[in-house]
Amino acid sequence: MALDTSRIEDDLRKLRKTIKKMPRRPTPGEIHRLRTRARRLEVELQASGLDAPLNEKWLLKQLAGIRRRAGKVRDMDVLTTHLTTVRVDGERDCLIQLFEYLGAKRYDKAERLHQLVKEHRRALDKRLKKIARVLEIQMEESSPAEAATSAALKSSAELETHGNLNRGNLHEYRLKVKALRYILQMGEETRNKEFVESLGKIKDEIGEWHDWEELNSIAAKILDHSAGCKLQRQLKEITQQKYESALSSANKLQKTYFRPLSGKKGHGANWNGQKASRAVGAVSGLAAG
């Protein structure tokens, strides 16, 4: 896989800028950019094998901590947005209670994120600048590209051998899909755009179900209401619909891309000697680029 060094360097630059300018009261867009850029850089450094020679365990640890805290703020933003789409007659008080709860949690989690970023902002900027300089040299070597290709093939193999999807493992499956997509996007050429786009759509669909699941769980916990609460009943119905849709789409993705191809020889084989899946074929095609 020929790596798109300019994209990786751009991701690093954008992350530096986001951390430097992160305000005390960040908008949902600022939170989303911080979380996504931190996670993307983590995957890029680890998949390319550059995390070891750069010896930046402290940096990766701090980025992971910031990403997790930003994720908690992001959760409140998304759940609030979902809640605005719910229309239930006669449940105004329950809706207000939920909105107030999400707003208070958002404020608290944003404050915690601010304190963490403020504490490490200068050190993070210094480390990220250092990595930017080192990357220019490291990326000229073949080892990062080889490591990224290996990481993509390994990730594809993990998805191939994933067990039957269900409510208990669907979110874990999403994380693996998300990681593979990030790795593939490191490539200089994305020859199989359909595959990468499919990964993105499934990632989003499962993520939406998981958000509704969380909102439903919060409502059940904080609303002191009778079993006949129409709001809770509607949240359960929406959550079930989102789950069924996400599960169906994920199973379709598995069948389309992560099942061994049948038919004539020549499709290639994975390292277990079995016929390769369309996913491995797509990754191999990127590697050839």
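How many disulfides does the structure hold? Zero, counting as a disulfide any pair of cysteine sulfur atoms within 2.5 Å. Here are my notes for someone meeting this structure fresh.

1. **What you are looking at.** This is a predicted model, where local features need pLDDT of at least 70, side-chain atom pairs count only at pLDDT 80 or more, and totals for chains, interfaces and linings use all residues. Residues are numbered from 1 along each chain as its sequence is written, and side-chain values use heavy atoms, with hydrogens and water left out.

2. **The cysteines.** A disulfide is a covalent bond between the sulfur atoms of two cysteines. Cys-94 is in no disulfide, and its nearest cysteine sulfur belongs to Cys-229, 4.1 Å away. For Cys-229, the closest cysteine sulfur is that of Cys-94, and the pair stays unbonded because 4.1 Å is too far for a bond. Cys-94 is buried at 7% relative accessible area, and Cys-229 is buried too, at 1%. (Buried means under 20% relative accessible area, exposed over 50%, and partly exposed in between, using a 1.4 Å probe and protein chains only.)

3. **Salt bridges, and one inside α2.** Side chains of opposite charge can pair when their charged atoms come close. Searching the whole structure turns up 15 salt bridges, each being a side-chain nitrogen of Lys or Arg within 4 Å of a carboxyl oxygen of Asp or Glu. One of them joins Glu-42 to Arg-39, at 3.8 Å from N to O. Both residues lie in helix α2 (residues 28-47), three residues apart, or about one turn of the helix. (Helices, H or I of at least four residues, and strands, E of at least two, are DSSP runs numbered from the N terminus.) Glu-42 is buried at 4% relative accessibility, while Arg-39 is partly exposed at 24%.

4. **A bridge between helices.** Arg-106 and Asp-77 also meet in a salt bridge, with N and O 2.7 Å apart. This pair links distant parts of the chain: Arg-106 sits in helix α5 (residues 92-138) and Asp-77 in helix α4 (residues 57-83), 29 residues apart. Are these two residues buried or exposed? Both Arg-106 and Asp-77 are buried.

5. **A bridge within α5, plus a network.** Asp-108 pairs with Arg-112 in a salt bridge, their closest N and O atoms being 3.2 Å apart. The two are four residues apart in helix α5, so about one helical turn separates them. Asp-108 is partly exposed at 35% relative accessible area, and Arg-112 is partly exposed at 49%. Elsewhere, Asp-10, Arg-13 and Lys-14 are joined into one network by salt bridges that share partners.

6. **Helix α1.** This helix (residues 5-21) has 17 residues and runs 24 Å from its first C-alpha to its last, close to the 24 Å expected at 1.5 Å a residue; the expected span is 1.5 Å times one less than the number of residues. Buried in α1 are Ile-8, Asp-11, Leu-12, Leu-15, Thr-18 and Ile-19. They cover an arc of only 125° around the axis, so they fall on the same side of α1; the arc is that of the directions from the helix axis to the C-beta atoms.

7. **The largest pocket.** Its volume is about 480 Å³. A pocket here is an open set of points on a 1 Å grid over the protein atoms alone, where a 1.4 Å probe fits, with protein on both sides within 12 Å along at least five of seven lines; lining residues have an atom within 4 Å of a point. Grid points are joined across faces, edges and corners, and a volume is the space filled by probe spheres set on the points. The lining of the largest pocket has 19 residues, with Arg-35, His-171, Arg-174, Leu-175 and Lys-178 nearest its centre. Helices α2, α4, α7 (170-184) and α8 (193-222) each contribute at least two residues to that lining.
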